[in-house]
Amino acid sequence: MPYHKNKQQAFQAAQQGVNDAQELYHEIVRDSASYGHQLKHLHKEVNEAYEQIENALEVASEHQRAQLVQFQQDLRSIVDEVNQTIE
């Protein structure tokens, strides 16, 4: 989705990006033959979500800013959990 300077659109794009990453994370089958491919896809989704959050933070209201920071923490939790399962 292209970046818009509109606060609401930017926030919704970030929110959707995080939702997509969370859904993908919960769908991963750790013992499947396609696990590596699933992780690669998740990595891409997480990076896109981080970009959308950064874009939204540029124009966010204070209320949105607090939620966007929470979205970043949610993504960090996903990354940490994936990293623990890989180690």
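## Briefing: a predicted three-helix chain

At 0% relative accessibility, Leu75 counts as buried, because the cut-off for burial is under 20% relative accessible area. The model described here is predicted. Leu75 belongs to helix H3, and the chain as a whole has three helices and zero strands. The points below begin with the chain, then turn to helix H3, to a buried acidic residue and to the salt bridges.

**The chain as a whole**

- Followed along the sequence, the chain shows the pattern α-α-α.
- Its C-alpha atoms fill a box of roughly 40 × 20 × 15 Å along the principal axes.
- The chain has 87 residues, of which 33% count as buried.
- Contacts between residues at least 6 apart in sequence include many that reach further: 67% of them join residues at least 24 apart.
- The exposed area of the chain is about 5,700 Å², and carbon and sulfur atoms supply 49% of it.
- The chain carries 7 positive and 14 negative charges, and the mean positions of these two sets are 6 Å apart.

**Helix H3 and the surroundings of Leu75**

- Helix H3 covers residues 62-86, which is 25 residues; at 1.5 Å a residue it should span 36 Å, and the 37 Å between its end C-alpha atoms agrees with this.
- The buried residues of H3 are Gln64, Leu68, Phe71, Gln72, Leu75, Ile78 and Val82.
- The cover over these buried residues includes helix H1 (7-27) and helix H2 (35-59).
- Which residues does Leu75 touch, not counting those up to four places away in sequence? They are Val18, Ala21, Val46, Ala49, Tyr50 and Ile53.
- One of these partners, Ala49, is 26 residues from Leu75 in sequence, while their C-alpha atoms are 8.2 Å apart in space.

**A buried acidic residue: Glu45**

- Glu45 lies in helix H2.
- Glu45 is buried yet has no salt bridge. The nearest side chain of opposite charge belongs to Lys44, 5.5 Å away, whereas a salt bridge requires the nitrogen and oxygen atoms to be within 4 Å.
- Leaving aside residues up to four places away in sequence, Glu45 touches Asp20, Ala21 and Leu24.

**Salt bridges**

- How many salt bridges does a search of the whole structure find? The search finds three.
- An α-helix has 3.6 residues a turn, so residues three or four places apart point the same way.
- In helix H2, Glu48 forms a salt bridge with Lys44, and the closest N and O atoms are 3.6 Å apart. Glu48 and Lys44 are four residues apart, and are therefore separated by about one helical turn. Glu48 is partly exposed, as its relative accessible area is 33%.
- In helix H3, Arg65 and Glu62 are three residues apart, about one turn of the helix. Their side chains meet in a salt bridge of 3.9 Å, N to O. Arg65 is partly exposed, with a relative accessible area of 29%, whereas Glu62 is exposed, at 64%.
- Also in helix H3, Asp80 and Arg76 are four residues apart, which places about one helical turn between them. The closest N and O atoms of their salt bridge are 3.2 Å apart. Asp80 counts as partly exposed at 36% relative accessibility, and Arg76 is partly exposed with a relative accessible area of 42%.

How values were computed
Residues are numbered from 1 along each chain as its sequence is written. This is a predicted model: local features need pLDDT of at least 70, side-chain atom pairs count only at pLDDT 80 or more; totals for chains, interfaces and linings use all residues. Side-chain values use heavy atoms; hydrogens and water are left out. Helices (H or I, at least four residues) and strands (E, at least two) are DSSP runs, numbered from the N terminus. Buried means under 20% relative accessible area, exposed over 50%, partly exposed in between (1.4 Å probe, protein chains only). Contact means heavy atoms within 4.5 Å. Accessible areas come from the Shrake-Rupley method with a 1.4 Å probe; for residues, only the protein chains shown count as cover. Lys and Arg count as positive and Asp and Glu as negative; His and the chain ends are not counted. The place of a charge is taken as NZ of Lys, CZ of Arg, CG of Asp or CD of Glu. The expected span of a helix is 1.5 Å times one less than its number of residues.
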